[in-house]
Amino acid sequence: MKHLPKHLRPRWRYLAVGIETWPNASFGRRAFQREVWYAAQNLLGDTGSAETDMTVLQLHDYDGTAEAIVRTRRGQTDPARAALTCLHSVDDDEVRVRIRGISGTVRACEEKYIRGPPEATEQRHVVFENADRGATVRPPRYDVETASDGAFVGATALDFR
């Protein structure tokens, strides 16, 4: 079977996505892909989500942060960005999604926008709400454990001075 000529092949754009979550959250590419599809379908409908054709190519999960590359059709980057920003949880873990940039090739997307592993996190004991608690430090953020069930509260260094 012959390949399609270059002028008939689909054109793609690659979105670099930064993901921030609590330190105890962990999820994989398949779970993130499922949530991307649901978000696109809920926002754009069946035909709109089919037109954007979003696929998660890469997902690098770090301690409390992640980076992903999402492929979408050229001309559909604005609906794809809107659908990605509608994500609020993956596998019942709350997430904050930020689009870092758009590129025409995977290589350029990696070189420009994918930063690699962040600085190492640090575990500290802090006094928060008049109690000694454990905290995960990712400068300039402190994620303070509030209860034994693993819930967290976000804070900054100014909250402890």
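Within helix α3, which spans residues 106-113, Glu111 and Arg107 are placed four residues apart, about one turn of the helix. In this predicted model, their side chains are joined by a salt bridge with an N to O distance of 3.2 Å. Both partners, Glu111 and Arg107, are classed as exposed. The pair is one of five salt bridges that the distance rule yields for the structure.

Two further salt bridges connect parts of the chain that are distant in sequence. In one of them, the side chains of Arg96 and Glu20 meet at 2.9 Å, N to O; Arg96 belongs to strand β5 and Glu20 to strand β1, and 76 residues separate the two along the chain. Arg96 has a relative accessibility of 47% and therefore counts as partly exposed, and Glu20, with a relative accessible area of 22%, is likewise assigned to the partly exposed class. In the other, Arg73 is paired with Asp53, the closest N and O atoms lying 3.4 Å apart. This contact also links distant parts of the chain, since Arg73 is located in strand β3, whereas Asp53 sits in the loop between α1 (29-52) and β2 (55-61), 20 residues away in sequence. Arg73 is partly exposed at a relative accessible area of 30%, and Asp53, at 25% relative accessibility, counts as partly exposed as well.

These contacts are set in a fold with three helices and nine strands, which follow one another along the sequence in the pattern β-α-β-β-α-β-β-α-β-β-β-β. Taken along the principal axes, the C-alpha atoms of the protein fill a box of roughly 70 × 30 × 25 Å. Of the 161 residues in the protein, 37% are buried.

The largest pocket has a volume of about 390 Å³. Its lining is made up of 18 residues, and those nearest the centre of the pocket are Thr65, Arg100, Arg115, Pro118 and Arg141. The elements that contribute two or more residues to this lining are β1 (12-21), β3 (65-73) and β5 (93-103). When the lining of the largest pocket is sorted by class, nine residues are charged, six are nonpolar and three are polar. Because domain 1 (12-113) and domain 2 (122-154) both give residues to the lining, the largest pocket lies between the two domains.

With regard to covalent cross-links, a search of the whole structure finds zero disulfides. Of the cysteines, Cys86 has a relative accessible area of 37% and is therefore partly exposed, whereas Cys109, at 0% relative accessibility, counts as buried.

A further pair of positions, separated in sequence, was examined through the backbone. Ala82 lies in helix α2, which covers residues 77-85, and Ala82 is partly exposed, with a relative accessible area of 30%. Although Ala82 and Ala39 are 43 residues apart in sequence, the distance between their C-alpha atoms is 9.2 Å.

Key. Residues numbered from 1 in each chain as written. Predicted model: local features only at pLDDT ≥ 70, side-chain atom pairs only at ≥ 80, totals over all residues. Heavy atoms only, no water. 1 Å grid on protein atoms, 1.4 Å probe; cavity = no way out; pocket = protein on both sides within 12 Å on 5 of 7 lines; lining within 4 Å. Points joined across faces, edges and corners; volume = space filled by probe spheres on them. Nonpolar A, V, L, I, M, F, W, Y, C, P; charged D, E, K, R; others polar. Domains from an automatic or database assignment. Salt bridge = Lys/Arg side-chain N within 4 Å of Asp/Glu carboxyl O. Buried < 20%, exposed > 50% of the residue type's maximum accessible area, 1.4 Å probe, protein only. Disulfide = S-S within 2.5 Å.
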